[in-house]
Amino acid sequence: MRPPTSQPTLRLSGILFKYGTKSAQVAFRTGDFKQQVIFIGGLTDGLLATEYLQPLSMALEAEKWSLVQPLLSSSYSGYGTSSLKQDALELDQLISYLINKEDSEGVVLLGHSTGCQDIVHYMRSNTACSKAVRAAILQAPVSDREYRATLPETADMIDLAASMIKEDKAMDLMPREANPDAPITAYSSDLSDDQLRQRLGHMSNIPCQVIFSMGDEYVPTYVDKRSLVQSFVSLRQDYVIQICIPILW
């Protein structure tokens, strides 16, 4: 009888460093170069969040780029009590550190899943450090709101959250059944072209590659994935979303 096949071991050698004063504000860097790709994971993600990070690190080193994997306050189970605004502030701290301490000559932001939302939000902030961003890659972008709408308990939890906000309890924790994976406070394909422009128009300032995963389990089955990809492509005329590559599994 053949032994079970073991999962591939993800192993990277590099430098772990602090970029801010909070305990969670650490980052892991592979490669020692003046240009960095910053990987921003999705909900519950932390270090080594995806299997492609190991080969990506090797490929980047061959091109003399470093790979940086930061931990944010929202990493792992922290997402339920953090926010896009907080993530953007911490990304700015990280880029500031790379510029001032590592003599960075420019960064590329790579977002996976919900990490794509962090990039879009950060680039809207228009901070001084955001000028160091040469390009953005949105890999497997998803609508968390749209996915949660497919779950049977969501409607009741939305009603509860609305009532908590009315009672000035927006920062109070929701019941555990609202999100069993992590504490969460009370605080997409159905968007029109105009709404997409409002949310993504500012991304025209940098080259932006959208890599949409056609087999993404967090995209509801009723979503026409090809039409969604085309809606991003159509924005190129006004907002230069430069490349959109659907991935079929």
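A residue counts as buried here when its relative accessible area is under 20%. C116 falls below that cut-off and is buried, because its relative accessible area is just 4%. C129 gets in as well, since its relative accessibility is 14%. Disulfides, on the other hand, come to zero in this structure. The coordinates are those of a predicted model, so everything below is a reading of that prediction.

On the whole-chain level, the protein has 249 residues, and 46% of them count as buried. The accessible surface adds up to about 14,000 Å², with carbon and sulfur atoms owning 54% of that. As for secondary structure, there are eight helices and eight strands to work through.

Strand β2 is a handy place to start. This strand spans residues 26-30, and five of its five residues are buried, so that β2 is mostly covered. In a regular strand, side chains alternate between the two faces of the sheet. For β2, both of those faces are covered: V26, F28 and T30 are buried on one side, while A27 and R29 are buried on the other. The strand also has partners. Strand β1 (residues 15-18) runs antiparallel to β2 and is joined to it by four bridges; in that pairing, I15 sits opposite R29. Strand β4 (residues 66-70) pairs with β2 too, again in the antiparallel sense and over four bridges, with F28 standing opposite Q69 of β4.

Helix α1 (residues 53-62) comes next, and its buried residues are L53, S57 and L60. Those residues end up on the same side of α1 because they cover an arc of only 70° around the axis. Turn to the other side of the helix, and M58 and A62 are exposed. The buried residues of α1 pack against β2, β4 and β3 (36-40). Right after the helix ends, K64 takes a positive phi of about 65°.

F39 belongs to strand β3. Its relative accessible area is 1%, so F39 is well inside the buried class. Once neighbours within four places in sequence are set aside, F39 still has a good list of contacts: A49, T50, Y52, L53, L67, V68, Q69, P70, L110 and H112. F39 and G115 make a nice long-range pair, with their positions 76 residues apart in sequence but a C-alpha to C-alpha distance of 8.3 Å.

What about the nonpolar cores? The largest one has 30 residues, and I38, I95, L109 and Y122 are those with the most contacts inside it. Two or more residues come from each of β3, α2 (84-101), β5 (107-112), α3 (115-125), β6 (133-139) and β7 (208-213). Helix α2 gives the most, with six residues. A second core, separate from that one, has nine residues, including F39, L60, V108 and A135. Back in the largest core, I95 is in contact with I38, V107, L109, Y122, C129, A132 and V133, leaving aside its neighbours within four places in sequence.

A132, one of those I95 contacts, is found in the loop between α3 and β6. At 18% relative accessibility, A132 still counts as buried because the cut-off is 20%. Not counting residues up to four places away in sequence, A132 touches I95, I99, G106 and V107. The C-alpha atoms of A132 and V108 are separated by 8.6 Å, and the two residues are 24 apart along the chain.

The elements on either side of that loop deserve a look of their own. In α3, the buried residues are G115, C116, D118, I119, V120, Y122 and M123. Just past the end of α3, N126 takes a positive phi of about 55°. On the β6 side, five of the seven residues are buried, which means that the strand is largely enclosed by the rest of the structure. β6 pairs with β5 in the parallel sense, over six bridges, and H112 has Q139 of β6 as its bridge partner.

Methods
Residues numbered from 1 in each chain as written. Predicted model: local features only at pLDDT ≥ 70, side-chain atom pairs only at ≥ 80, totals over all residues. Heavy atoms only, no water. Buried < 20%, exposed > 50% of the residue type's maximum accessible area, 1.4 Å probe, protein only. Pairing = 2+ DSSP bridges. Areas by Shrake-Rupley, 256 points an atom, 1.4 Å probe, with all protein chains shown as cover. Arc of directions from axis to C-beta. Contact = heavy atoms within 4.5 Å. Core = buried A, V, L, I, M, F, W, Y, C linked by side-chain atoms within 4.5 Å. Disulfide = S-S within 2.5 Å.
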